[in-house]
Amino acid sequence: MNRKIGIIDCNNFYVSCERVFNPISIGRPTVVLSNNDGCVIARSQEAKDLGIKMGEPFFQRREFMDEHKFCVYSSNYNLYGDMSDRVMSVIKQYSNEVEVYSIDESFVDFSNIPDDQLMTRLRFIREEVKRQTGIPVSIGVGPNKTLAKLTSHMAKQGSSYDGICSYWDLPNFQKMMYQVDISEVWGIGRKWSKKLRSFGVESVGQFMNMNDMIIRKMLNVSGLRTKLELGELYCYPVQLKNKTKKNIASTRSFGSDVEQLEQLQEAMFSYIKSGVKKLMENEVSSSRCTIFLAGNKHKGQGHYSSKVVTFQEPTQSINEIWSQVQPHMNMLYSQDKKYKKCGIIFNELTPEDVKQITLFTEPLDVVPVPQNVDKKWEMIQDYITQKYTTSWDELPLVFV
């Protein structure tokens, strides 16, 4: 079968989401910051051209950004998650087999589209995503996922592709691969790239010329599959169903160090609510969790304490989880320590419609919800924008 696997990748996704609702940043260098406005996690092309690196601490480049009139945004994950859902919804309107690979990427099987209609379909999808959501995307298509990812990278690099690159339209693919860095290959991570470079393999072309047995020995069977896919074989099918997660985490660093137990409790309760939302989205309940409190290791306070809590029964109830977690927090807490982070990791996930009845469940003592006026634990978000699409109180206003 002539496989035609595409990947639809949102361009500079976090930046693009902000630009939909803040058009003042269009054409200007723009960055999005990590939690607590720490580091750069997304950059517009203008910011990249000015030398801003991914992961750079914001405080080190703040003056430079002010000088060049950057648009700076705190990360707004509510907005990004909702915009991702909208993009994927548009893609699914015009594609039958879609694998949502990440918040800004999806693999699509276009094998049922005739060859002479493929590019027309890709252009149409790209235009519809832009029209319905405002998010620009790049599309790469090839005989498998690895080559689709590689052509997507090329679609972003060359203006002549107009955002869409097909493997079958590349006349000298083998020669071109000697100009593409090995780190651009899907499945070759930073660790493997470093390992390959130590053997003098720096380009995709050099990697494709390596002996299969050497690759398997160096990079295990996954590395060999990557090479086989670069040779047009089909090793990784499009997954139509999301894999069941083994655990779900809800953790975050505080805006400032916290000493009071009441502050820690309120932070933990907030993270429980976020975690339960993820449980419900994945249609699972949790039978066990791990909670932890941690100090600020950058200030020499590397203390860490944790506790595994087994629930009476699988649950998605915020109050049930909080009532069973709170007593253990009291035991983990120490008055003479400062804390920078806490969190909860849900384990032993089961489908939400599966309930195991027990005769030995005891009534829970409901623990009151913590409430503090001064929330020292909240993240620093000096440049946060509104929840334009997820909060009634923050919907954009249109004046006629």
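**Notes on helix α1, its aromatic neighbours and a few buried loop residues**

1. Starting with helix α1: its buried residues are F13, Y14, V15, S16, C17, E18 and R19. Buried here is under 20% relative accessible area, exposed is over 50%, and partly exposed is in between, with a 1.4 Å probe and protein chains only. Helices (H or I, at least four residues) and strands (E, at least two) are DSSP runs, numbered from the N terminus. Seven of the nine residues of α1 are buried, which leaves the helix mostly covered.

2. Some housekeeping before going on. This is a predicted model, where local features need pLDDT of at least 70 and side-chain atom pairs count only at pLDDT 80 or more, while totals for chains, interfaces and linings use all residues. Residues are numbered from 1 along each chain as its sequence is written, and side-chain values use heavy atoms, with hydrogens and water left out.

3. What covers the buried part of α1? The cover includes the strands β1 (5-10), β2 (30-33), β3 (40-43) and β4 (71-74), along with helices α2 (45-49) and α4. Contact, for this and what follows, means heavy atoms within 4.5 Å.

4. On to the rings: the structure holds 18 aromatic pairs. The rings of Y14 and Y80 have centres 4.3 Å apart and planes at 15°, so this pair is stacked. It links distant parts of the chain, as Y14 belongs to helix α1 (residues 13-21) and Y80 to helix α4 (residues 77-93), 66 residues apart. The criteria: rings of Phe, Tyr and Trp (its six-membered ring) pair if their centres lie within 6.5 Å, and planes under 30 degrees apart count as stacked, over 60 as edge-to-face and the rest as tilted.

5. Both partners are buried, Y14 with a relative accessible area of 18% and Y80 with one of 0%. For another geometry, look at Y167 and F173: their ring centres are 4.8 Å apart and their planes stand at 75°, so that pair is edge-to-face. Y167 and F173 are buried too. Back at α1, the residues F13, Y14, Y77 and Y80 form one aromatic cluster.

6. Two charges over rings deserve a look. R3 lies over the face of Y234, 4.4 Å from the ring centre. K145 has its charged end over the ring of F107, at 4.8 Å from the centre. The test is NZ of Lys or CZ of Arg within 6 Å of the ring centre and within 35 degrees of the ring normal.

7. Now the loops. P29 lies in the loop between α1 and β2, and at 10% relative accessibility P29 counts as buried. Its C-alpha atom is 6.0 Å from that of S44, 15 residues apart along the chain. Leaving aside neighbours within four places in sequence, P29 touches S44, E46, A47, L50, H68, K69, F70 and C71.

8. S75 is in the loop between β4 and α4. Buried or exposed? S75 has 2% relative accessibility and counts as buried. With neighbours within four places in sequence left aside, the contacts of S75 include Y80, from the stacked pair above, and also V32, L33, Q381 and I384.

9. V201 is in the loop between α8 (190-197) and α9 (204-208), buried at 7% relative accessibility. V201 and I182 are 19 residues apart in sequence and 7.7 Å apart, C-alpha to C-alpha. Neighbours within four places aside, V201 is in contact with I182, L196, Q206, F207 and M210.

10. F207 turns up again around T226, a residue of helix α10 (residues 212-230). T226 is buried, with a relative accessible area of 3%. Not counting residues up to four places away in sequence, T226 touches T146, V185, W186, I188, F207 and Y236.

11. Finally, the whole chain. There are 12 helices and 12 strands, and the C-alpha trace spans about 70 × 55 × 50 Å along its principal axes. Of the 400 residues, 46% are buried. Among contacts between residues at least 6 apart in sequence, 68% join residues at least 24 apart.
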